[in-house]
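Q: Could we go through some local features of this model together? Please put it on the screen first.

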Amino acid sequence: MTGEVGTGEAGLSEAELSELIELLRALIRIRSVNPPGDEIIAARYLEQLLADEGIPSTVVEPFPGRGSIVARVRGDGTGGDPLLLLSHLDVVPAEPAGWTHDPFGGDLVDGYVWGRGAIDMKSMVAMEVQVMRRLARAAREAGRDPASDPIPGLRRDVIFCSSADEEAGGWHGADWLVNEHPDWLQAAGALNEAGGISTAYGGVRFYPIQVAEKGFVVYKIHVKGRWGHGSVPTPDNAAVLAAQIVTRLAEPGPVRLTEPIAVSLARAIPHLTARAAGAIRGLMPRPDGPNGPTAPEPSAIEATLRDLCDPVLARTVSAMIHDTVSVGIIAAGVKYNVIPGTAYIEIDCRTLPGTDEAAMREELRRRIGEELWARLEIECEQVGPSVSAPLDGPLYPLLEQVLRDHDAGAVPLPFLAPFATDAKHLARIGVPTYGFSPLRLARDEGLLNLMHADDERVSVEALRFGLPVLWDAVSRFCA
Ligand SMILES: [Zn+2]
């Protein structure tokens, strides 16, 4: 790549692809498994690598071993607020017994880089660093110092931040950075994980771009029964009451289509078979029922999804259209012949945009019913709001366009993640965050089967596609 940023598409040479692959392999070999994290090793590695390109960076370690890195290259300031390239350095654990290759070996075999983090999300870390390298090299080629001078052609600053602890909530990483150094991350928008990765369905390559993510509420439900002797069973057995409550909580609640999902389904329909399109239309609430608007039966929706999708996708889509309740802990009893007088249940609720804690609690009450509700006390242990980034802002339409420009068969869609990422921390300082870590997967590579799974891997071809897409998104937004 030569010349000014934004002057035409920059292809990817074999040498640069090799550089990207070697960077990813090196990152996989750094065991930043959370817990405990030890992200500081990866942060220091990247600090040196960026320094070699002439880019100074700041590494913080607010808790022992929990390192995050922030670096910035400058534009001329005429284009508005910066663009933030966000990522996380930690990975979830991997049990080698289930793997074909060492999960921390970074093997390059059969056209794949294998290892924990290959998808989530060291490939994106590597692509972001490669974008920073390109920017620094453009400056040096123009005789400028990337540490202090504007990058030629760049009108906004570009910030790179790769943080600790995302896999455990980001409290030792992005949360700390947002609290302590919000000015480091203040940006017009951020590109992050969990989007821009192709998902084949019915022969079409959809590219979901994350624009929103669900919130969460953790409750502890205290069930009140009456202690007694096991020889005379009573209806006040707290374990039995808890079981009844759990059964009711496990039933799916009403469907609600949030904006990104409604837009997504409407956009997807023209690309689907008539049968699939008809079934999807059946998921939509009908405004013209004889007794006013009607929503489809929850059980009918589950059946439709099972019919249209493989089980993993069906569960994922279901989570995108429901406030979900997952029972994590049930505890009761002290001895086999003592009727338990108390029990408790801990539940993990994931809330759609528009559902706050009070609304979630009401929904639980509706499911549990008044009679059982009277037997419990409910305690909210944790709450995190959902987040949404605008579809009509300057960044989102550009991301869709870049994907279409690089893949004529691409159908980009907005997407609501059923899980939380570091976007929730950036939302607190008003930075809209988009899941855009572009990869084009082969038809048989299911993303959902790779993330956090055994044999996590990313193909060389996916990376060959990804870096130029990310580069174009950055250079078009910032040039
Ligand atoms: Zn991740």
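Q: Thanks. Where is Gly143, and what phi does Gly143 take?
A: Gly143 comes just after helix H3 and has a positive phi of about 75°. Helices (H or I, at least four residues) and strands (E, at least two) are DSSP runs numbered from the N terminus. This is a predicted model, in which local features need pLDDT of at least 70, side-chain atom pairs count only at pLDDT 80 or more, and totals for chains, interfaces and linings use all residues. Residues are numbered from 1 along each chain as its sequence is written.

Q: What span should H3 have, and how far apart are its end C-alpha atoms?
A: H3 covers residues 122–141, and its 20 residues at 1.5 Å a residue should span 28 Å. The expected span is 1.5 Å times one less than the number of residues. The end C-alpha atoms of H3 are 28 Å apart, which agrees.

Q: How many residues of H3 are buried?
A: In H3, 17 of the 20 residues are buried, so the helix is mostly covered. A residue is buried if 20 or more other C-beta atoms, placed from the backbone, lie within 10 Å of its own, exposed if 12 or fewer, and partly exposed in between.

Q: Changing topic: how many bridges join S1 to S2?
A: Five bridges join S1 (residues 57–63) to S2 (residues 66–73), and the two run antiparallel. Strands pair if DSSP finds at least two bridges between them.

Q: And which residue in S2 is the bridge partner of Val60?
A: The partner is Ser68. In this hairpin, with two residues between the strands, Gly65 takes a positive phi near 85°.
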